[in-house]
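Subject: Handing over the two-chain model

Dear colleague,

I am passing the structure below on to you, and after it you will find my notes on what turned up when I went through it. Please read them with the model open beside you.

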Amino acid sequence: MNRRVLPYLLSLPALIVCIGIIVPFVIAIYYSMQRYNLALPYLRGFIWFGNYQSLFTSSEFWKTVTVSLLYTVFTVGIELFLGLGTALLLRRPTTFNNIAAILLLLPLMTAPAIASLMWKLMTNPGFGILSYLISLVGITNFKWASSPTTALFTVILVDIWVYTPFIMVLLIAGLRALPRQPFEAAELDGVPRTFVFFRITLPMLMPYIITAVLFRLIDSIQQFDIIYAMTQGGPGDSTLVFQVAAYLEFFQYTNVGRSAAILMVLWVITYVLSLVFVKNWRRLRERAHGAV
Amino acid sequence: MDHTSPLETIFRRVALGVILVFFLFPIFWIVLMSFQTNEQILRIPPRVFFSPTLSNYKALISGELITTVGSLKLTFMHNLWNSFFLSTSSVLVALVLGVPAAYAFARFKFRLGEDIAFTLLSIRFAPPLLILLPLSLLFNEIGLSDTYIGLIWVYQLICLPLIVWIVRGYFEDISPDIEHAYRIDGHSWAQTFFRIAVPLARPGIAAAGLLSFIFAWNNFVFALILGSADKQPVTVGALAFVTAAGISYGQIAAAIVLSILPTLALALYAQRYLVEGLSLGAVKG
């Protein structure tokens with residue numbers, strides 16, 4: 001077979017799937033520039049950036065932006081701290097550490113929507129074990145996901161439970177792949193441990209940290225499953241993040257145009273993050289191949 | 001590293017203990033709940049020792065929940081079957097479409113190849129609702145809404161990028177010299193692909209397949225938007241079940257256990273592949 005035709009032939013099915021996905025994406029851009037409400041079809045019309053204009057001047061949208069950013073910053077920040085800490089604790093490949101690392105992966109393999117249901121059972125005000133445990137230390141009126149003041153905290157907690165293992169497992173792999181010589185040399189010279197950590201371990205681990213954090217940032221700002229299953233964006237709008245807001249806009253208010261505009265704003269944010277990711281990914285691959 | 005003070009050893013053990021409890025206790029507790037009757041669950045203070053019952057699982061498997069008010073039909077086992085069917089067929093389709101493409105991207109440097117590979121990657125990173133909401137209107141028009149075929153097609157959004165990116169990395173790591181030698185012996189391109197390249201990349205293909213099965217199984221939003229009750233997988237079914245079961249907390253816990261058991265078992269079985277798969281091959285495990 002001709003060498004010039006073959007690669008195209010092989011990637012044709014994947015190309016077709018790509019087109020099948022680019023089509024709805026283009027439709028979404030088109031919708032985002034329309035006045036399009038399923039309940040009021042006769043009002044449908046092209047309005048250029050009208051939806052975006054009304055989004056950027058509405059306080060509800062800015063609340064959604066704030067909640068999404070808070071959610072992202074807190075989940076990724078705490079997950080990085082916990083994940084890095086756990087990875088350092090499990091750094092040496094002993095049997096115990098390896099078993100612990102495998103068991104700690106289990107939350108990550110739990111469907112996020114189901115994880116929310118698990119935490120819902122555990123935070124039930126009547127019989128939930130967590131409600132019981134905090135009542136032992138004197139906190140009796142803690143309402144978890146049912147109160148607007150603590151709902152965001154509760155969904156962040158579930159996210160941390162599910163996704164910290166992701167950062168942990170990537171950083172354990174990273175730590176174990178680091179060359180040994182700098183550490184051995186530092187030990188011979190009697191360099192203080194904090195110095196070793198901040199000047200050797202952390203800089204060498206940085207590409208892995210960046211990979212893990214970018215993955216998490218992109219996923220976290222788009223979180224839907226955990227929040228939808230736990231609170232559906234409520235109570236009020238206390239956990240209303242981008243995708244949940246777009247979902248409700250579409251299905252509850254049948255406002256297709258506005259929903260598409262919200263998602264386009266989110267897409268721009270994730271697209272920028274994913275460009276950074278690809279750049280970093282290429283560098284890592286090159287380094288891995290250069291080392292072999 | 002080896003000269004740790006006793007105080008530090010204690011601190012490390014305590015920290016690790018707290019971390020293990022935080023991440024494993026929820027699973028342990030829900031499993032316990034699934035073997036309890038409602039009266040046992042509602043007891044304060046909660047107990048770790050109790051006489052276990054299988055009644056929750058029996059109700060789910062037989063599909064009938066008998067309460068004081070009457071009996072309630074449960075479709076939970078059907079949701080479980082849907083999860084199994086949707087995930088398996090999506091992964092198979094993605095392997096057939098994705099492995100040849102991954103091979104092409106790894107072996108031939110061509111412009112379109114890079115473009116497709118990065119389009120697939122950006123799909124992995126795009127907000128799913130951005131594709132799903134227009135698709136739900138589109139599916140209504142072309143008659144694909146609420147069909148298994150429609151769902152399997154959309155599940156390619158999860159499976160295909162994973163498979164293409166992981167398997168491509170494996171093909172790139174295999175030296176093409178063996179394939180060249182086999183070709184010079186007079187074998188066709190297809191023979192080389194199936195007899196040499198695919199068997200050598202088998203660990204990568206297995207890793208990608210298992211991981212995309214787990215992600216397909218755990219997916220929630222696709223079927224929430226594109227499927228009706230009788231096509232929905234356990235993730236969506238469990239949420240509906242919570243509403244239907246009301247205060248039958250034991251059954252809810254049993255339903256949770258049944259829906260997470262397959263992926264947890266698979267993850268334990270395939271754990272050595274997970275790191276590479278999770279990072280799309282960016283981090284070698």
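Two residues are said to be in contact here if their C-beta atoms, placed from the backbone, lie within 7 Å. With that meaning, 17 residues of domain 1 of chain B are in contact with 14 residues of domain 2 of chain B. On the domain 1 side, the elements that give two or more residues to this meeting are helix H1 (6-34), helix H2 (38-42) and helix H3 (55-62) of chain B, and H3(B) gives the most, with five residues. Sorted by class, that side of domain 1 of chain B has 10 nonpolar and seven polar residues, and no charged ones. The two domains run over 6-73 for domain 1 and 76-278 for domain 2 of chain B, and their C-alpha centres lie 31 Å apart.

Please keep in mind that this is a predicted model. It scores ipTM 0.89 and pTM 0.91, while chain B averages a pLDDT of 85, with 94% of its residues scoring at least 70.

Chain by chain

Chain A has 13 helices and two strands, and its C-alpha trace spans about 80 × 75 × 35 Å along the principal axes. Of the 292 residues of chain A, 44% count as buried, and among its contacts between residues at least 6 apart in sequence, 69% join residues at least 24 apart.

Chain B, for its part, comes to 14 helices and two strands, and its C-alpha atoms fill a box of roughly 75 × 70 × 35 Å. Its radius of gyration is 24 Å, whereas a compact globule of 285 residues would have one near 19 Å. Buried residues make up 47% of chain B, and residues 24 or more positions apart account for 75% of its contacts with a separation of 6 or more.

Where the chains meet

How many residues does each chain bring to the contact between them? Chain A brings 72 residues and chain B brings 77. On the side of chain A, the largest share comes from helix H1 (residues 6-32) of chain A, which supplies 16 residues. The residues on that side of chain A divide into 59 nonpolar, 11 polar and two charged.

The nonpolar core

The largest nonpolar core holds 172 residues, and the members that touch the most others are Val169(A), Ile163(B), Val167(B) and Ile256(B). The largest share of this core, 18 residues, comes from H8(A). Because domain 1 (6-73) and domain 2 (76-278) of chain B both give residues to this core, it lies between them. If you would like one residue to start from, Val167(B) is in contact with Gly98(B), Val99(B), Ala102(B), Ala201(B), Gly204(B), Ile205(B) and Ala208(B), leaving aside its neighbours within four places in sequence.

Backbone details in chain A

Most residues other than glycine have a negative phi, and most peptide bonds are trans. Against that background, a few places in chain A deserve a look.

Trp144(A), although it is not a glycine, has a positive phi of about 50 degrees. It lies in the loop between helix H7 (129-136) and helix H8 (151-177) of chain A. Is Trp144(A) buried or exposed? With 23 other C-beta atoms within 10 Å, Trp144(A) is buried, because the cut-off for a buried residue is 20 or more.

Gln232(A), which is not a glycine either, has a positive phi of about 55 degrees, and it is found in the loop between H11 and H12 of chain A. Gln232(A) is partly exposed, with 14 other C-beta atoms within 10 Å. Pro235(A) also has its place in the loop between helix H11 (225-230) and helix H12 (242-251) of chain A, and the peptide bond that leads to Pro235(A) from Gly234(A) is cis, with omega near -10 degrees.

Last comes helix H9 (residues 181-188) of chain A, which lies largely in the open, because the number buried among its eight residues is zero. H9(A) is followed by Gly190(A), which has a positive phi near 65 degrees.

With best wishes

How values were computed:
Residues are numbered from 1 along each chain as its sequence is written. Chains are lettered from A and ligands numbered from 1 in the order in which they are written. This is a predicted model: local features need pLDDT of at least 70, side-chain atom pairs count only at pLDDT 80 or more; totals for chains, interfaces and linings use all residues. Helices (H or I, at least four residues) and strands (E, at least two) are DSSP runs, numbered from the N terminus. The radius of gyration is taken over C-alpha atoms; the globule rule is 2.2 Å times the number of residues to the power 0.38. A residue is buried if 20 or more other C-beta atoms lie within 10 Å of its own, exposed if 12 or fewer, and partly exposed in between; C-beta atoms are placed from the backbone. Ala, Val, Leu, Ile, Met, Phe, Trp, Tyr, Cys and Pro count as nonpolar, Asp, Glu, Lys and Arg as charged, and the others, Gly among them, as polar. pLDDT is the predictor's confidence in each residue, from 0 to 100. Domain bounds come from an automatic or database domain assignment. A nonpolar core is a set of buried Ala, Val, Leu, Ile, Met, Phe, Trp, Tyr and Cys residues joined through C-beta atoms within 7 Å.
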